[in-house]
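Colleague: I have not looked at this one before. Can you put it up and walk me through it?

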Amino acid sequence: MTTNQTTYNHCPTTKVKGDFTTWTGFTAIFSELSSAAIKLSKKKTILAVELYPGARVGKLRQALEEYFKDATIICADDFALSGAEIAAKFEMLITEDRVFGRMAAIKIEDYYHKEKLRALQEEVATTGSGLTIVFGTGASLAADADVMAYVDVARWEIQQRMRSGEMGNWNDTNVAEDILRKYKRGFFLDWRAADRLKVELFPKIDYYVDDNTLDMPKMVRWDDYCAGLEQTLQGPFRFVPYFDPGVWGGQWMKEKLGLDASRENFAWAFDGVAEENSLYLQFGDTRIETPGINVVLKYPMQLLGELVFSRFGAELPIRFDFLDTMGGQNLSLQVHPDKEYIKKQFGMDYTQEESYYLLDAKADAVVYLGVRDEVRPDALLSALNAAQNGSGEMDVPEYIRTFPAKKHDHFLIPSGTIHCSGANSMVLEISLCAYIFTFKLWDWGRLGLDGKPRPVHLDHGEKVINWNRSEGWVADNLVNHFEVLKETDTHKKEHTGLYKTEQIRTERDWFTDFVDYDNSEKTVNMLNLVEGDKVVVESVDHAFEAFEVHYVETFVIPAQVEKFRIRNVGTSERVAILRAWII
């Protein structure tokens with residue numbers, strides 16, 4: 001393969017067409033909001049500025065007070081539960097565990113004392129004439145606003161603010177708390193409630209504000225923002241990728257994808273995760289960054305299709321991410337829960353069924369997969385417990401089968417299967433997107449980058465290990481289980497996975513010129529260029545403009561795109577596309 005490794009696009013962007021106006025900076029934004037209120041010609045006007053948890057409420061408060069000298073300004077957060085009260089109220093959902101909580105069917109209203117929420121509503125109702133501004137997370141609960149602005153922030157940016165110590169969880173002062181605990185509370189509580197409110201507000205929002213850049217908010221009209229999302233879904237698109245170091249991280253992404261060479265390593269990359277990644281929408285000279293989940297929540301049928309929406313609701317259940325151990329270390333030895341366990345223990349409707357696709361590997365690379373045939377469950381569990389307690393050595397290959405791993409191998413990992421990617425591998429992980437539900441069984445005695453022992457969950461893991469996933473069974477069913485579906489001189493189509501109990505199907509197309517795809521299932525597709533330097537995705541009926549894809553870039557084909565063509569336009573004689581969709 002001849003590959004120009006520097007062409008990986010870190011900032012995929014939808015250029016929005018149409019007539020629109022954007023506002024940048026607090027002064028410009030407040031001027032427009034004030035004008036919108038004045039145009040209503042009402043004696044009293046209520047402006048609600050709703051914030052997603054993680055937006056900079058302190059910065060907004062200061063800016064509002066400096067600009068609106070004559071308005072009545074009320075912070076909704078002042079009427080909500082404190083962080084300590086939230087922790088006490090939802091103790092059973094937050095749990096004592098560093099990583100796992102329980103998925104909460106709660107709303108933003110649940111973060112307020114009923115009497116204080118009534119007091120907030122009363123205070124807004126009894127303000128005098130002129131402009132009343134209520135802002136914060138839950139501001140929209142205070143009154144039926146005349147003008148509403150929604151201030152949003154991407155999930156990765158929220159995590160960066162938490163890590164840096166800038167902020168803790170919503171309405172809390174827990175800035176110094178363990179990042180895993182802060183993330184856990186956001187994942188299981190704060191973001192669930194905020195997303196539910198966001199969906200309820202879709203018909204009421206007038207302006208959308210991007211709060212991802214410090215002291216430089218950007219705003220568009222809500223109708224223009226929605227037009228940008230709709231245009232994104234007319235054809236292929238990419239989420240904005242992000243990269244993160246880890247204790248086991250490697251050098252492949254840093255070298256091949258043009259990352260910061262001064263960093264020690266990069267372990268993870270999310271390149272196709274709607275809830276974690278963001279989208280870029282370009283409105284003229286202004287780029288709006290928005291959480292990827294918004295396009296799922298706003299237009300689920302257009303993106304997901306009827307089949308996926310009926311099974312998963314407004315969630316994009318396919319996840320593509322990278323695991324880089326090239327020149328690094330083994331991942332943790334781990335297992336994922338079955339559907340029954342994850343539902344009863346954590347309130348999740350589906351579990352993480354996954355696979356490892358090898359984008360690259362050194363000669364000594366291996367994948368740990370399945371329990372050796374002669375191993376007794378009590379012996380393995382005793383060895384894991386002894387190793388975790390520091391009273392014994394854990395000889396993993398004695399208990400877990402290792403398989404040599406080479407480029408373009410595909411290892412299938414249904415739930416309950418013990419697994420681990422070894423050092424010197426570059427993995428494209430394909431999975432149902434159950435996010436954080438990985439039970440580490442052994443982590444090779446390492447500390448995390450924060451200097452703390454990495455969480456190990458033997459108590460959960462031992463309950464979900466499928467002991468029938470023996471080495472013989474794994475070799476027959478989960479390792480390079482390829483099936484050639486079509487082969488000509490210029491094109492070979494293969495079924496590469498996943499296992500029959502898993503809901504994702506993957507196929508690989510090798511071709512020299514082009515391949516036509518018929519999305520007759522009308523379901524969302526996620527794809528990656530796993531071999532070759534460049535292709536373009538074309539519409540066979542001129543429904544969208546040609547979309548360029550470079551080596552190892554993940555891209556999405558929305559369900560409403562029924563036919564498309566992928567053409568080899570680079571210098572590689574032959575390219576390969578890996579395609580995944582729900583069956």
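**Walking through the model**

Modeller: I'll start inside one of the sheets: Tyr-357 stands opposite His-410 in β18. Keep in mind that this is a predicted model.

Colleague: And what stands opposite Tyr-356?

Modeller: Phe-411, also a residue of β18. The strand β15 (residues 354-361) and β18 (residues 410-413) run antiparallel and are joined by four bridges.

Colleague: What does β15 do with β20?

Modeller: β15 pairs with β20 (residues 425-432) in the antiparallel sense, over seven bridges. One of the pairs there is Asp-360 with Met-426 of β20.

Colleague: How many of the residues of β15 are buried?

Modeller: Six of its eight, so to speak of β15 as mostly covered is fair.

Colleague: What is the strand order in that sheet?

Modeller: The order is β9-β10-β13-β20-β15-β18, an open sheet of six strands with antiparallel pairing. β9 (242-244) and β18 each have a single partner strand, so one side of each has no neighbour in the sheet. On average, neighbouring strands are turned by 20° against each other, ignoring direction.

Colleague: Let's zoom out. How many helices and strands does the protein chain have?

Modeller: There are 17 helices and 31 strands in the protein chain. Its radius of gyration is 25 Å, close to the 25 Å that the globule rule gives for 583 residues, so the chain is as compact as a globular protein of that length.

Colleague: What box do the C-alpha atoms fill?

Modeller: Roughly 80 × 60 × 45 Å, taken along the principal axes. Of the 583 residues, 59% are buried. Among contacts with a separation of 6 or more, 78% are between residues 24 or more positions apart.

Colleague: Back to sheets. Which strands form the open sheet with mixed pairing?

Modeller: Seven strands, in the order β2-β8-β7-β6-β3-β5-β4. The edges are β2 (22-24) and β4 (72-75); each has a single partner strand, so one side of each is left without a neighbour in the sheet. The average turn between neighbouring strands of this sheet, direction ignored, is 20°.

Colleague: Is β4 parallel or antiparallel to β5?

Modeller: Parallel, with four bridges between β4 and β5 (residues 130-136). Ile-74 has Val-134 of β5 as its bridge partner.

Colleague: Which helix packs on that sheet?

Modeller: Helix α7 (residues 179-201) packs on the sheet and touches β3 (44-51) and β6 (147-152). The direction of α7 makes about 145° with that of β6.

Colleague: What about α6, which residues are buried there?

Modeller: In α6 (residues 155-164), the buried residues are Arg-155, Trp-156, Ile-158, Gln-159, Arg-161 and Met-162. Their cover includes α7 and β9.

Colleague: What comes just after α6?

Modeller: Gly-165, with a positive phi of about 85°.

Colleague: Different topic: at what angle do α1 and α2 cross?

Modeller: At roughly 65°, and the axes of α1 (residues 26-39) and α2 (residues 57-67) come within 11 Å. The crossing is right-handed.

Colleague: Which residues make the contact?

Modeller: From α1, Phe-26, Thr-27, Phe-30 and Ser-31; from α2, Lys-59, Leu-60, Ala-63, Leu-64 and Tyr-67. That contact divides into six nonpolar residues, two polar and one charged.

Colleague: Last stop, the C-terminal stretch you marked as β31. How many of its residues are buried?

Modeller: Eight of the eight residues in β31 (residues 575-582) are buried.

Colleague: Which residues point which way from β31?

Modeller: Val-575, Ile-577, Arg-579 and Trp-581 point one way, while Ala-576, Leu-578, Ala-580 and Ile-582 point the other way. In a regular strand the side chains alternate between the two faces of the sheet.

Colleague: Which strands are joined to β31 by bridges?

Modeller: One of them is β24 (residues 504-511), which runs antiparallel to β31 and is joined to it by eight bridges. There, Thr-506 stands opposite Ala-580. Another is β26 (residues 525-531), also antiparallel, with six bridges to β31. In that pairing, Asn-528 has Leu-578 as its bridge partner.

Key
Residues are numbered from 1 along each chain as its sequence is written. This is a predicted model: local features need pLDDT of at least 70, side-chain atom pairs count only at pLDDT 80 or more; totals for chains, interfaces and linings use all residues. Side-chain values use heavy atoms; hydrogens and water are left out. Axes are lines fitted to C-alpha atoms, for helices over the stretch in contact, and angles run from 0 to 180 degrees between N-to-C directions. Helices (H or I, at least four residues) and strands (E, at least two) are DSSP runs, numbered from the N terminus. A crossing is left-handed if the near helix is turned anticlockwise from the far one by less than a right angle, and right-handed if clockwise. Contact means heavy atoms within 4.5 Å. Ala, Val, Leu, Ile, Met, Phe, Trp, Tyr, Cys and Pro count as nonpolar, Asp, Glu, Lys and Arg as charged, and the others, Gly among them, as polar. Buried means under 20% relative accessible area, exposed over 50%, partly exposed in between (1.4 Å probe, protein chains only). Two strands pair if DSSP finds at least two bridges between them. The radius of gyration is taken over C-alpha atoms; the globule rule is 2.2 Å times the number of residues to the power 0.38.
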